[in-house]
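Trainee: I've got the model open and I'd like to test the labels people put on it. Can we go through them one at a time?

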Amino acid sequence: MLPNIEYSLSYAAPTGIEREALSALALNPDARWHERMDHAQFVVTAMHEGTRVGLGIVHTSVTAPSEVPRPMELGGMFVHPAYRRLGIRQYMAETRLTYALSMGGTPITVIDNRNAASWSYYERSARWAIEREYTGYFTSMPMTIWVSTESSWYRTGMGLAPLVPAQPNTVLPQQPNHVRPLALGPDQDSSVTA
């Protein structure tokens with residue numbers, strides 16, 4: 001039986017106790033991690049029985065040499081190993097992409113070329129295309145910038161019509177059957193079903 005996963009959405013950079021709890025999910029909550037958190041525009045958190053088991057961030061602290069206008073990086077994706085292969089990553093990825101597109105930004109994500117699981121996901125997805133490869137500033141390792149094929153920038157460059165412009169009332173992806181929304185947090189003023 002699948003565990004009951006709940007999702008919490010926040011539209012502000014986490015601070016205090018919440019930031020500490022989210023940092024505990026990160027593999028290495030270093031200065032770069034905190035820089036991303038300082039510039040977070042959107043955070044989706046997966047919870048199981050009150051414990052944080054997954055995290056995804058949309059932030060504007062882009063250090064990768066992307067050439068897209070208004071880049072919004074879908075970074076800081078973590079799912080606890082015991083909760084992988086349950087659709088949590090997929091749901092958080094779709095939710096973050098929907099948010100970034102609705103804000104009129106150009107969604108990008110940066111993948112360490114050694115991360116086989118992430119490479120596999122992006123290679124098979126028609127929603128992402130490689131923008132460029134580069135050597136990581138912080139890791140000195142090969143990295144790849146992927147850009148959303150649904151962004152206006154990408155579509156216009158390919159000679160396609162842009163999709164619907166930014167919408168104030170974004171409809172997030174349908175949640176899997178085994179999840180239910182959390183109550184509003186102190187930084188949220190309106191309900192959005194995850």
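Trainee: Why is tyrosine 99 called buried?
Mentor: This is a predicted model, and in it tyrosine 99 has a relative accessible area of 8%. Buried means under 20%, so tyrosine 99 earns the word.

Trainee: And why does tyrosine 11 count as partly exposed?
Mentor: Its relative accessibility is 37%. Partly exposed runs between the buried limit of 20% and the exposed limit of 50%, so tyrosine 11 falls in that middle class.

Trainee: What makes tyrosine 11 and tyrosine 99 an aromatic pair, and why is it called tilted?
Mentor: Start with the centres, which are 6.0 Å apart. The limit is 6.5 Å, so they pair. The planes make 50°; stacked would need under 30 degrees and edge-to-face over 60, so tilted is what's left.

Trainee: What does that pair tie together?
Mentor: Tyrosine 11 sits in the loop between E1 and helix H1 (16–23), while tyrosine 99 is in helix H3, so the pair joins parts 88 residues apart in sequence.

Trainee: How many aromatic pairs does the whole structure have?
Mentor: The search turns up 10. One of them is tyrosine 7 with tyrosine 91, also tilted, at 4.5 Å centre to centre and 50° between the planes. That pair links distant parts of the chain too: tyrosine 7 is in strand E1 (residues 5–10) and tyrosine 91 in helix H3 (residues 88–102), 84 residues apart. Both tyrosine 7 and tyrosine 91 are buried.

Trainee: H3 keeps coming up. How do you know that its length agrees with its residue count?
Mentor: H3 has 15 residues, and at 1.5 Å a residue they should span 21 Å. The end C-alpha atoms are 21 Å apart, so the two values agree.

Trainee: What makes H3 largely enclosed by the rest of the structure?
Mentor: Count the buried residues: 12 of its 15 are buried, so "largely enclosed" is fair. Among them are Ile88, Met92, Glu94, Arg96 and Leu97. After H3 comes glycine 104, with a positive phi near 80°.

Trainee: Which residues touch the most other members of the largest nonpolar core?
Mentor: Tyr7 and Ile88, out of 26 residues in that core. Several elements supply at least two residues each, including E1, strand E2 (40–48) and helix H4 (116–124). H3 gives the most, with seven residues. A second, separate core of 10 residues includes Leu22, Trp33, Val43 and Ile57.

Trainee: What makes arginine 89 lie over the face of tyrosine 121?
Mentor: On distance, arginine 89 is 4.5 Å from the ring centre, and the limit is 6 Å. Tyr121 also belongs to an aromatic cluster with Trp119, Tyr122, Trp128 and Trp146.

Trainee: Now two threonines. Is threonine 106 buried or exposed, and how do you know?
Mentor: Buried: its relative accessible area is 4%, and the cut-off is under 20%. Threonine 106 is in strand E5 (residues 106–112). Beyond its neighbours within four places in sequence, its contacts include Val68, Pro69, Met72, Val147 and Trp153.

Trainee: Why is threonine 51 put in a class other than buried?
Mentor: Threonine 51, in strand E3, has 46% relative accessibility. Exposed needs over 50%, so threonine 51 counts as partly exposed. Its C-alpha atom is 9.5 Å from that of alanine 21, 30 residues apart along the chain.

Terms used. Residues numbered from 1 in each chain as written. Predicted model: local features only at pLDDT ≥ 70, side-chain atom pairs only at ≥ 80, totals over all residues. Heavy atoms only, no water. Helix = DSSP H or I, 4+ residues; strand = E, 2+ residues; numbered from the N terminus. Buried < 20%, exposed > 50% of the residue type's maximum accessible area, 1.4 Å probe, protein only. Lys NZ or Arg CZ within 6 Å of the ring centre and 35° of its normal. Expected span 1.5 Å × (residues − 1). Core = buried A, V, L, I, M, F, W, Y, C linked by side-chain atoms within 4.5 Å. Contact = heavy atoms within 4.5 Å.
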